[in-house]
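Got the viewer open? Here's a short tour: what to click on next, and what you'll find when you get there.

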Amino acid sequence: MNAPGNEPVDIETAIPIPMAMLAELTHRCPLKCPYCSNPLELTRRSAELSAEEWVEVFRQAAALGVLHVHLSGGEPASRKDLGEITTGAVEAGLYTNLITSGVGLTEANFADLAARGLDHVQLSVQGVDAEAADRIGGFRGGFDTKMRVADWVAREGIPLTINAVMHRQNLDRLPETIELAVKLGARRLEVANTQYHGWADLNRAALMPTPEQAKRASEVVAETRERLKGTLVIDYVPPDHFAKYPKPCMGGWSRVGLCVKPEGKVLPCHAAETITTLEFQNVRDVPLEEIWKKGPAFTAYRGTHWMQEPCNSCERKTKDWGGCRCQAFAWTGDAAATDPVCTLSPEHARMRAAAETDSAAHADEFVYRTIGGADRARAKEPAS
Ligand code: SF4
Ligand code: SF4
């Protein structure tokens with residue numbers, strides 16, 4: 001018999017409480033990273049939720065049980081009312097993490113955010129020196145700005161995480177990236193290999209790492225974690241095209257987090273709109289609690305009821321939840337299929353062969369993330 005409070009949870013009927021919310025405050029950003037996780041169709045400023053609307057979203061999120069809010073974008077500092085938005089999140093009782101490129105912050109407005117109770121900063125770095133970083137981010141002066149922002153964060157005593165998106169053009173410099181994070185006083189480094197949706201998918205031939213790079217990166221992380229124990233925590237998202245099994249994308253669909261887009265559309269993960277068969281609701285029309293508990297996009301792949309073979313009879317199905325729904329849809333046209341990253345997927349060999357072709361492409365030009373940039377790139381592609 002189970003002790004009271006330890007009764008087994010029915011994963012098909014129990015609705016989990018979301019722990020974290022990604023608040024995409026805006027899609028405006030001075031940088032143009034070719035792997036940006038924002039959609040190809042960027043939301044215009046005129047459609048963005050107002051500060052007042054965001055404060056109401058935070059209140060509803062806290063009531064639902066959300067503990068952390070990631071104030072993200074685009075570049076959140078592109079919003080002049082970021083201070084007001086931050087205060088709203090703090091007053092709702094949420095732990096606030098500012099996800100920023102640093103560009104757009106000033107010393108004075110950062111001190112203001114700190115005074116309003118900002119809890120944590122996650123600063124992105126695109127490369128380890130100005131030449132590399134500014135080329136990848138498509139913004140001259142970005143690297144030097146980040147170095148200044150890291151100083152302000154340290155001065156305010158706010159914990160800092162460095163986020164480094166890795167790919168073929170910077171993965172060989174992973175040891176220097178780790179050194180940079182230590183130098184900047186970060187307590188945590190996210191080594192996030194590129195996820196190939198949206199902009200990154202358009203740039204696959206310029207970004208896909210080689211299998212040798214992927215292997216070496218895993219070794220570097222393992223060695224360095226040991227050496228820097230107590231100084232720096234390294235979160236590592238391996239390049240999944242060369243893995244054996246997929247990762248539990250988002251900790252499982254609609255299990256631990258949700259994303260609110262600049263115009264108020266609510267998604268189970270930031271890339272979910274790539275699944276064109278799903279219908280998404282907006283916090284302007286429907287309460288957040290109802291969207292989380294009953295929204296069609298949220299219930300579609302929560303639990304395991306939707307799984308097909310080989311996932312359905314696999315012992316890992318509540319460990320990795322069948323991997324990434326967006327990747328399954330992109331490769332098979334069916335979001336309920338097994339993530340092709342999995343070696344048990346019938347699509348795995350095709351996906352792996354394509355990844356190897358991309359990694360050997362020797363392309364280094366980027367399609368930068370700009371309004372209309374995706375259409376211009378597609379217009380240049382030869383007809384197939
Ligand atoms: S990934 Fe780059 S372009 Fe996209 S929001 Fe972040 S800094 Fe801006
Ligand atoms: S078959 Fe499905 S559940 Fe099993 S390891 Fe592969 S993706 Fe995970």
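## Stop one: the ligands

Start by selecting ligand 2: 14 residues surround it, and the closest are Cys311, Cys314, Arg316, Cys342 and Leu344. A residue counts as near a molecule if its C-beta atom, placed from the backbone, lies within 6 Å of it. The shell around ligand 2 divides into seven nonpolar, three polar and four charged residues. In that split, Ala, Val, Leu, Ile, Met, Phe, Trp, Tyr, Cys and Pro are nonpolar, Asp, Glu, Lys and Arg are charged, and the others, Gly among them, are polar.

Before going further, keep in mind that this is a predicted model, where local features need pLDDT of at least 70, side-chain atom pairs count only at pLDDT 80 or more, and totals for chains, interfaces and linings use all residues. For your selections, residues are numbered from 1 along each chain as its sequence is written, while chains are lettered from A and ligands numbered from 1 in the order in which they are written.

Now hop to ligand 1. Around it are Cys29, Leu31, Lys32, Cys33, Cys36, Asn38, Gly73, Gly74, Glu75, Ser101, Ser124 and Arg369. This shell has four nonpolar, five polar and three charged residues.

## Stop two: Cys33

Stay with Cys33 from that shell. Cys33 sits in the loop between strand S1 (20-24) and helix H1 (51-64); helices (H or I, at least four residues) and strands (E, at least two) are DSSP runs, numbered from the N terminus. Is Cys33 buried or exposed? It's buried, with 24 other C-beta atoms within 10 Å. The cut-offs are 20 or more other C-beta atoms within 10 Å of a residue's own for buried, 12 or fewer for exposed, and in between for partly exposed, with C-beta atoms placed from the backbone.

Leave aside neighbours within four places in sequence, and Cys33 is in contact with Gln126, Ile136, Gly137, Gly138 and Arg369 (contact: C-beta atoms, placed from the backbone, within 7 Å). For a long jump along the chain, add Val367: 334 residues from Cys33 in sequence, but 8.8 Å away C-alpha to C-alpha.

## Stop three: some helices

Select helix H2 (residues 82-91), where Leu82, Ile85, Thr86, Thr87, Gly88 and Ala89 are buried. They pack against H1, strand S2 (68-72), strand S3 (95-100) and H3. After H2 comes Gly93, with a positive phi near 90 degrees.

Next, show H3 (residues 107-115) with H5 (residues 142-156): their axes come within 10 Å and cross at roughly 35 degrees. Here Glu107, Phe110, Ala111 and Ala114 of H3 meet Val149, Trp152 and Glu156 of H5. By class, that contact has five nonpolar, no polar and two charged residues.

Then find helix H12 (residues 325-332), whose Arg325, Cys326, Gln327, Ala328 and Phe329 are buried. Gly333 follows H12, again with a positive phi, near 80 degrees.

## Stop four: Trp253

Arg325 leads to Trp253: leaving aside neighbours within four places in sequence, Trp253 is in contact with Pro268, Tyr301, Arg302, Trp321 and Arg325. Look for Trp253 in the loop between strand S7 (233-237) and strand S8 (257-260). Trp253 is buried too, with 24 C-beta neighbours inside 10 Å.

## Zoom out

Finally, show the whole protein: 14 helices and nine strands. The C-alpha trace spans about 55 × 50 × 50 Å along its principal axes. Of the 384 residues, 46% count as buried. Among contacts between residues at least 6 apart in sequence, 73% join residues at least 24 apart.

Terms used:
Axes are lines fitted to C-alpha atoms, for helices over the stretch in contact, and angles run from 0 to 180 degrees between N-to-C directions. Two residues are in contact if their C-beta atoms, placed from the backbone, lie within 7 Å.
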